[in-house]
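This report walks slowly through one structure, going from a helix and a sheet to a place where chains meet. Please keep the sequence and the 3D view open while reading.

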4 protein chains.
Amino acid sequence: MREAAARYGYDHYTTDWKELVSDPQVEVFDNVGPNNLHAEPCIAAAKAGKHVLCEKPLARNAQEAKRMWDAVKAAEVKHMCGFSYRFVPAIRLAKEMLDAGEIGEIYHFRASYQQEWIMDADFPQVWRLNKGVSGSGALGDLGAHIIDLGRFLVGEPEAISATTRTFIPERPSPDGKGTVKVDVDDAFEAIVRFSNGAVGTLEASRFCSGRKNHMTFEINGSKGSLAFDLEKLNSLQVYLREEANPQLHGFREVLVTESDHPFYSVWWPHGHVLGWEHAHIHEINHFLSAIVKDESVEPYGATFEDGYKAAVICDAILASAETHSEQKIIYEA
Amino acid sequence: MREAAARYGYDHYTTDWKELVSDPQVEVFDNVGPNNLHAEPCIAAAKAGKHVLCEKPLARNAQEAKRMWDAVKAAEVKHMCGFSYRFVPAIRLAKEMLDAGEIGEIYHFRASYQQEWIMDADFPQVWRLNKGVSGSGALGDLGAHIIDLGRFLVGEPEAISATTRTFIPERPSPDGKGTVKVDVDDAFEAIVRFSNGAVGTLEASRFCSGRKNHMTFEINGSKGSLAFDLEKLNSLQVYLREEANPQLHGFREVLVTESDHPFYSVWWPHGHVLGWEHAHIHEINHFLSAIVKDESVEPYGATFEDGYKAAVICDAILASAETHSEQKIIYEA
Amino acid sequence: MREAAARYGYDHYTTDWKELVSDPQVEVFDNVGPNNLHAEPCIAAAKAGKHVLCEKPLARNAQEAKRMWDAVKAAEVKHMCGFSYRFVPAIRLAKEMLDAGEIGEIYHFRASYQQEWIMDADFPQVWRLNKGVSGSGALGDLGAHIIDLGRFLVGEPEAISATTRTFIPERPSPDGKGTVKVDVDDAFEAIVRFSNGAVGTLEASRFCSGRKNHMTFEINGSKGSLAFDLEKLNSLQVYLREEANPQLHGFREVLVTESDHPFYSVWWPHGHVLGWEHAHIHEINHFLSAIVKDESVEPYGATFEDGYKAAVICDAILASAETHSEQKIIYEA
Amino acid sequence: MREAAARYGYDHYTTDWKELVSDPQVEVFDNVGPNNLHAEPCIAAAKAGKHVLCEKPLARNAQEAKRMWDAVKAAEVKHMCGFSYRFVPAIRLAKEMLDAGEIGEIYHFRASYQQEWIMDADFPQVWRLNKGVSGSGALGDLGAHIIDLGRFLVGEPEAISATTRTFIPERPSPDGKGTVKVDVDDAFEAIVRFSNGAVGTLEASRFCSGRKNHMTFEINGSKGSLAFDLEKLNSLQVYLREEANPQLHGFREVLVTESDHPFYSVWWPHGHVLGWEHAHIHEINHFLSAIVKDESVEPYGATFEDGYKAAVICDAILASAETHSEQKIIYEA
C-alpha cells in the first residue's frame, strides 16, 4: 500500500475507512470493498458530507440498500452505484436510440451474463461465495448488472419468476482447512414481465464453459432490434425494420468508435477500439463532473435509488426460487 | 393439384384424406395438415395399418396427442413426429457428443426460436393464430421444436415457469371482413429445471424484428459448451475445457460438412453447404429406412411419444402463465 | 450406370459421348467431364445442333476455349459455361446492386478461393493435378470462378501480375506405382488492374488449413461495400455510406432469403436457408428457360465467350508468373 | 502546450526538438512527428546519446531510413521503430505459436489494412497526402505495418509485384486556397514471394467504405492457420490440423485475455478486454525495460533495422508499380 501510494504520487494514504470518512480534505468516497463493507462506510461518508460512489451490488439485500439510499438522500450528497456498463459507448448509444423511439414499442429483453471462473470444484470458497459477505452469488455479482440494464434500457419490471442453482455445494475453505458449504447461487434463471408489456429472460452463471466475461443482451421492438456482447464491447448490432430498401434489411454491426458517438470525441480515431476499463473512466468522469458542476447524475448515472431497486429485484428472484411462484416487484418510496 | 400430380409423375391423387387412409396401396401416411387435422386422420391411418409421420406439434394439446400415441401403439405401426431439426447434421453431431459425455455434466440449456412474420398489425388472423385450429401460437409452432431439442439433447424437464404475451390482440379476419380476436400467444418465455440438475431458459416469439428463422440454442456443461444457430445451420460452435493447450482454448466453429459427419457421406465435398430442406430429406429417409428394415425409429427419430411429451410441456407452459406458478411436468404412461 | 439409370427412371443411357451427340432425341448436351474432354465433345455437340452447357474451366487454355466459342457461335446454339456461383442468390443480389449503381464507382475487388483437400503429401496425383488433363491446378479449378465473378461484378481486367506455387512437387501416382511430378499450381496470387480504374487481388489455393470451400470476395466502392463468403452463402454483407443516420453506419448481414430476393420466390419461407446445390438448380433452370423461350442467356448466364475470356486471364496469370512481369489482358474477337 | 504540461504535472516543456536533443536530462527521445521530421531529429538525438523511439514509417524512403539506422548503430543507443502492433497480445501469441512451429511450414500470408477516412473528395490534402512530407500515402502509413508483420511473423520477402492507385488526384489545399495535386498513393496492392517459399498478398487502402481501422491478416501453414482482425483485437482465430478429433476441427476464436497470455498478467480478469492503446503501453514498457535492464529490444521490438527493411520493401512496391515488373528485395548491410 505504501509502495502504491509512492508509485502513483500520493502524499499520504490510509487503510482504515474511518480515517477517510473523518478527513475533511476528502470530498469523494469511492467504495470498492466487498459487499458487506458497503453500507456502514457509505452511510458514514454520506453523514460526513462526502459524495459517494459505491460498487455494485449496492448492498447484500434490499433492506440494507434502502438504508444507504435513505442516508445519501438525507445528507444531500451526490451518489452513484457502480453500474459501469451504462458507460460503455455502445450501450449509451442503445439507450439514446431507445429514448428516441427508434426501436419502437419494446417486446423482448433477453440478457445473460456468463462466466466460468469457479467451475473447478477445487476453487476455494472465496468471499464472493459466502452469503454473509456477498449477499448472493452470480445474482448480485453479475445479475445485478443486467437487472440494472433492463431497468435502464427497457423499464421497470412488474413481476419475476426465477430459479437458482448451486452446482458445487461444498468447496475448499479459503484458509485451506477442510471444506465449507457454499450458501450462494452459482447461477440463476428468470423470466420477467415489464410494466410496459415487454417480456424477457434474465440469467447469470459462473458455470458457462468458455464464456469469460460474456454479458449479452438483445432487445426486440416494433421498429427494430438491438444486440450487444461485452466481449466485443465496441460494437452494437442494430436492425431497423423501416429502412428504405426492404431487400437490404439486416442486422448491421455498428462500430461505436466515431467521434460523434457517445464518449468518443476525447478518444482516438475511429476503429481504434476501446477496452473494458474505459467504461470506468467514463463513469468516474461523469460522477466528478456532476459534483464539479453541481448537476444531477441522472438519467445516465445509476444512483443509490437504482442500486436499491436492483436489490429489490435480486431479493424477488431469490424469493421466487424458494417459493416456486412469481413475485411482484414492489419498491418502497 | 391435378397439375402437380401430372408434373411430378403420379398416376393418381386425392384431396380427401379418407381415400388415402382406405387405399390398400398406401403404406405410409404423411400428415402435413394444420394441427386440427392431425388427430383424426392419423388415428384412422394407424387403425388402417399405415405407418404414420405427422407434422409437429403432434396435436393441439396433450390429451389429443395422448390419443394419437395410444392409437399408433395399439396398431403397432411405425410412427414419427416431424421434429425435423433432430436431422440437421450439426444437431446430430451435438447429440453424439453429448451422448459420448464430451460436454460432461450439463448445467445450462438456453434455447430461443425467433421469427418476425406477424409483426405487422395488418397481417390477418391466419389459422396459426386461431386456437381452435392450432392449439397455441408461437408455443406450438416454434416452441415445440426447442422443447423437443431440450428433451433430445439434455433430458427430461421436471418443472417449468412461464409467461406468454399476445402483443396484437385483434387482427383482420382472414376472410377480409372486420377483425377477429387473436386467442393464441405471440410469444412465450420460460425457465426450466431438468431432472438431471440442469437449468435453462426457453422462449419463442414471432415478434423479433430481423430474426427470420432464428432458432438458437446453447448448452454449457462441466467439460465444454455447444452453440447452434439455425440460420447458419452448417456450423456447430464447440468449446472444450480440457484441451491440451489452455492458451488456445476458444469456441471453435465446426463446419459440419465432412464425409464422416452425420448424414454427410451421401452429399457433396466438404464446405459445400446444405440447406434447410436437407433435414427433411434425412428425416424421411430415416422413417422409410426404419419401415423397410423394420427397425426402431428411436433414439434419433421423434416418436408420437415424443410428440405427446412435448405437448405436455406446452400445456404446462400455458398453465404456468395463467397461474403465475411453477408447474411440474408429469407424463402419463 | 445401369443401376443409376434404373433408379432415376431413365429408359436408356450411354457411356459414350459420341452416341449422345449423334442421338437426334438429345437437344441439350451437358458436359461435366474432366477438362481435357470439354473441347471435342462440346464442339461436336454444337455442330450437331445441340445446346451446350459445359463445366468450368471451359478448356485447358485460351486457344482451346476459343475453338469452342467459335463452334457454338457458328452453330447458333445456346451455350453456357458452368460458372454456377453467378446463380447464388446473394451474388445475384450483389450484381443487381452494382448494376443499379448502389455501390458507386468501384475501387477494390479482393477475391480468394481457399481449400485444403490436397495438403496431405500422401494424397495422389489425381487428374486435377495433371496438366495434360486439367490445364492448370487451383487456377483453373478455383481461380476461374473468382476471375469470372470479377468480370461479372466489376468489369474487364486490363492487366495482371501473378505468382504461382507448387508446394508439393511430387505425389504418389494415381495407379499406386511410385510417384509422379505435379505439373500444375497448388496456389496462385495475383494483382489485377481493371479498365474502370479498380484494383484488386485474386488468389486461389488448395493449401489453406481449415478452409473447406472458402470462396470470399469483397468489393469497395465510392458509395458502399459488399462482402460474401461461400461457406455462409445465404448472407451478403452490405455497407452503405450514404444512409440517413451516420451514427448507425455499419456492415449489415443481409439474409438473402426473402421472397423478393433473387431466385427465392419459388423456395421456402425466409430464413429457411438454401444449400450449395441450389446454385446449380438455378443455373440449369436459367439455361433450359433460355432454350424454351429462345432467349439470350445473357447477361446473367456465363456464355462460352465468358469461358474463353476467363481462360485468357488464366493464361495471363501463368505467363506473368513465369516472366515476373505484368501481362496485358487481350481478347480475340 | 503550456496547459498540457500543467495538466499532466510536467515542470517544463519545449516545442523545439533541438532543445530536447541538447538537454542532458533527457535520456529517451520519442519521435512522433510527421515523416519528414524523423531523420534529422532522430539522428541528432542518437548522436547526443539518447535512446530513440521513432514512429513508423521510419523515414520517407529507404535511403533516409538507412542513415537513421547507421546513426543509432554508430551511437550505440537503444532504438525502436513504432510498429506497435507487434505488442497486441493476440499478435504476440501468433508470433509465439509460429516460432514454436505450431503452424508448421508457412504457405500463405495475406494481409490487408483498410481505412476510409479520405474517401470524400472534399477532404483536404493534409500532410499525409503530400509526398514531400510523408514519402508515400497508404503505403507508408498503413502498408508499413503489415509489411513489418509479414517480416515479423513469416520471414523475409524475396520479391514483390505491386500496383498503386490515386483515386482522387486533386484535393482542396490545406490552406483552403484552391486545389493541390495528390502525389501519393491512395491504395496499393501487392503479391509477395517469401524466401521460405510462402506466397501472399499485401494491400492497404484509404478507400474501403465501412472499414475504419480494419487491419487483417491470415497465415496458412502445413499444421494450421491463424487469422486476426484489428477491429476485434482481443481475439485470435486459430485452426489446428492435427488435433485429436477430426470431427471437431474448426477455427476457434481464442480470446487472448487469460493471465498466461502475452502482456495480460498485469491487466484485469479474463474476458475484460483491452483497447487499441494498450499496444502502445506494452511497446513503451518494452523499450523502457530494455533501457533500464540494458537488454536488447529484439526479437519482439522492431529496431531501426526493421524500420529500414520495411522502407526497402515500400520502395520496391513503388518501383514495381512504376515498372510493371517484379522487384527483388535487397537490403544493404
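In this predicted model, helix α3 of chain C, made of residues 39-47, lies across β1 and β2 of chain C and runs at about 175° to β1(C). A second helix, α9 of chain C, lies across β2 and β3 of chain C. The two helices are set out below.

| Helix | Residues | Lies across | Angle |
|---|---|---|---|
| α3(C) | 39-47 | β1(C) and β2(C) | about 175° to β1(C) |
| α9(C) | 304-323 | β2(C) and β3(C) | about 35° to β3(C) |

The strands beneath these names belong to an open sheet of three strands in chain C, ordered β1-β2-β3 and paired in parallel. Because β1 (28-31) and β3 (79-81) of chain C stand at the edges with a single partner strand each, one side of each has no neighbour in the sheet. On average, neighbouring strands of this sheet are turned by 10° against each other, with direction ignored. Between β1(C) and β2(C), the latter spanning residues 51-54, the parallel pairing extends over four bridges, and Asn31(C) stands opposite Cys54(C) in β2(C).

Turning to the other chains, 45 residues of chain B are in contact with 45 residues of chain A, and the area buried between chain B and chain A is about 3600 Å², of which carbon and sulfur atoms give 54%. Six salt bridges are found across the interface of chain B and chain A, and the side chains of Arg110(A) and Glu203(B) meet in a salt bridge at 2.2 Å, N to O.

Note on methods. Residues are numbered from 1 along each chain as its sequence is written. Chains are lettered from A and ligands numbered from 1 in the order in which they are written. This is a predicted model: local features need pLDDT of at least 70, side-chain atom pairs count only at pLDDT 80 or more; totals for chains, interfaces and linings use all residues. Side-chain values use heavy atoms; hydrogens and water are left out. Contact means heavy atoms within 4.5 Å. Buried area is the accessible area (1.4 Å probe) that two parts lose on being put together, summed over both. A salt bridge is a side-chain nitrogen of Lys or Arg within 4 Å of a carboxyl oxygen of Asp or Glu. Two strands pair if DSSP finds at least two bridges between them. Helices (H or I, at least four residues) and strands (E, at least two) are DSSP runs, numbered from the N terminus. Axes are lines fitted to C-alpha atoms, for helices over the stretch in contact, and angles run from 0 to 180 degrees between N-to-C directions.
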